[in-house]
Amino acid sequence: MRILLTNDDGVHAPGIRAAAEALREIADVLVCAPDREQSGTGTSVSLQHPVRVSELAPIAPGVPTYTVEGTPCDAAIIALESLRPGQVDLVVSGINCGSNLGEDVLVSGTVGAALQGYFRGIPSIAISVASLTDVLYEPAGVLLKALVKELDVRGLSKVLPKSSDRPLLLNVNLPNLPREKLADVQITRLGRRAYADVVKEGHDGRRKWFWVTRDKPVWELVEGTDVWAVRNQHVSVTPLHTDLTHGTLPKVLAPLAGDLRAALKGASPNGRVLTSKRAPHPSAAPRAPRKAASR
Ligand code: MN
């Protein structure tokens, strides 16, 4: 199997090294990752400037390693489109330092990079450990290797129902525990977990600066969710897809479309022409019906 390994913590992060060490034993691994930390860049792509790519010494024996002066998505796109076009069977993003749970996946550079594989029809995995300090990567490496082996045995495309026209996209999170303390592996759904973004302000002597920082996350602990699983010392595996459309609201909102259509045509829904209800200014002399303004 040919694997593209990327991340959002940067090519020098210990997590991607642990993933490369685990995966190189069972697959051909190519590393292409940002040259520095890019956490929180989500699905950002550099469209306003060119992106430089350099080959580095392998981060693990036998693993070609490239670094990109760009975002995680840039790294994934460049690898999939230019470095190994049509030659990647699986995209792995991580192992990230810090969890990517619940609604936070929409901000996650780790998940963002995995999405680039998914968008191209390639099965993709994002994997994270839920701690920012003293992170244990060994259990995540063991789990990742087992997961990739399992998918390989089952056949990457056969894991999904035949009706699915999209590849597998998994978001994996581990509690930061040694293997013997991990409770279980749970297949979960996304929970609700939103960071409270806090803006710090200061002055650099010339101008004011603002720094968006992250406060303690707000948890909603519902059984069956990824948030609940990790909180209860389980490994969480969440299958994702990108259909963000609300299930029932399109029907509920149908009348809104009528109102908007009418507004665009300059008439209210019951056919009356929409006019300003404001009384004319007292000084305004009576005049002939206004002609359409010329432009
Ligand atoms: Mn990160």
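Start with the whole chain in view: among contacts between residues at least 6 apart in sequence, 75% join residues at least 24 apart. The model is predicted. Its secondary structure comes to seven helices and 11 strands. Of the 295 residues in the protein, 38% are buried.

**Stop 1: the sheet**

Colour the strands. Nine of them form an open sheet with mixed pairing. Read across, the order is β3-β4-β2-β1-β5-β6-β7-β11-β8. Select 53-56 and 185-187 to see the edges: these are β3 and β8, and each pairs on one side only. Now look along the sheet. Neighbouring strands are turned by 20° against each other on average, direction ignored.

Zoom in on the β8 edge. What joins β8 to β11? Three bridges do, and the two strands run parallel. Strand β11 covers residues 235-239. Select Ile187 and Val237: Ile187 stands opposite Val237, which belongs to β11.

**Stop 2: helix α3**

Select residues 109-119. This is α3, and it lies across β1 (2-6), β5 (90-97), β6 (124-129) and β7 (169-174). Its direction is at about 170° to β6.

Is α3 enclosed or open to the outside? Here 10 of its 11 residues are buried, so the rest of the structure largely encloses the helix. Show the buried residues; among them are Gly109, Val111, Ala113, Leu115 and Tyr118. Gln116 is also on the buried list, as is Thr110. Then bring up their surroundings. The buried residues of α3 pack against β1, β5, β6 and β7, and also against helix α2 (72-83).

Step past the end of the helix. Gly121 follows α3, and its phi is positive, near 80°.

**Stop 3: helix α4**

Select residues 138-154 for α4. This helix lies across β5, β6, β7 and β11. Relative to β5, α4 runs at about 165°.

**Stop 4: the nonpolar core**

Which residues have the most contacts inside the largest nonpolar core? They are Leu5 and Val31, in a core of 63 residues. The largest share of this core, seven residues, comes from α2.

Centre on Val31 and show its contacts, leaving aside neighbours within four places in sequence. Leu5 is one of them. The others are Val11, Ile16, Ala20, Ile59, Val63, Pro64, Thr65 and Tyr66.

**Stop 5: backbone details**

Go to Gly94 and Ile95. The peptide bond from Gly94 to Ile95 is cis, with omega near 5°. Ile95 lies in strand β5, which is one of the strands that α3 lies across.

Next, select Asp134. Its place is in the loop between β6 and α4. Phi of Asp134 is near 45°, a positive value in a residue other than glycine. Is Asp134 buried or exposed? With 6 other C-beta atoms within 10 Å, Asp134 is exposed; the cut-off for exposed is 12 or fewer.

Finish at Gln233, in the loop between α5 (226-231) and β11. Gln233 also has a positive phi, near 70°, and is likewise a residue other than glycine. Count its surroundings: 14 other C-beta atoms lie within 10 Å, so Gln233 is partly exposed. From here, follow the chain into β11, the strand joined to β8 by three bridges.

Methods:
Residues numbered from 1 in each chain as written. Predicted model: local features only at pLDDT ≥ 70, side-chain atom pairs only at ≥ 80, totals over all residues. Pairing = 2+ DSSP bridges. Helix = DSSP H or I, 4+ residues; strand = E, 2+ residues; numbered from the N terminus. Axes fitted to C-alpha atoms, helices over the stretch in contact; angles between N-to-C directions. Contact = placed C-beta atoms within 7 Å. Buried ≥ 20, exposed ≤ 12 C-beta atoms within 10 Å, placed from the backbone. Core = buried A, V, L, I, M, F, W, Y, C linked by C-beta atoms within 7 Å.
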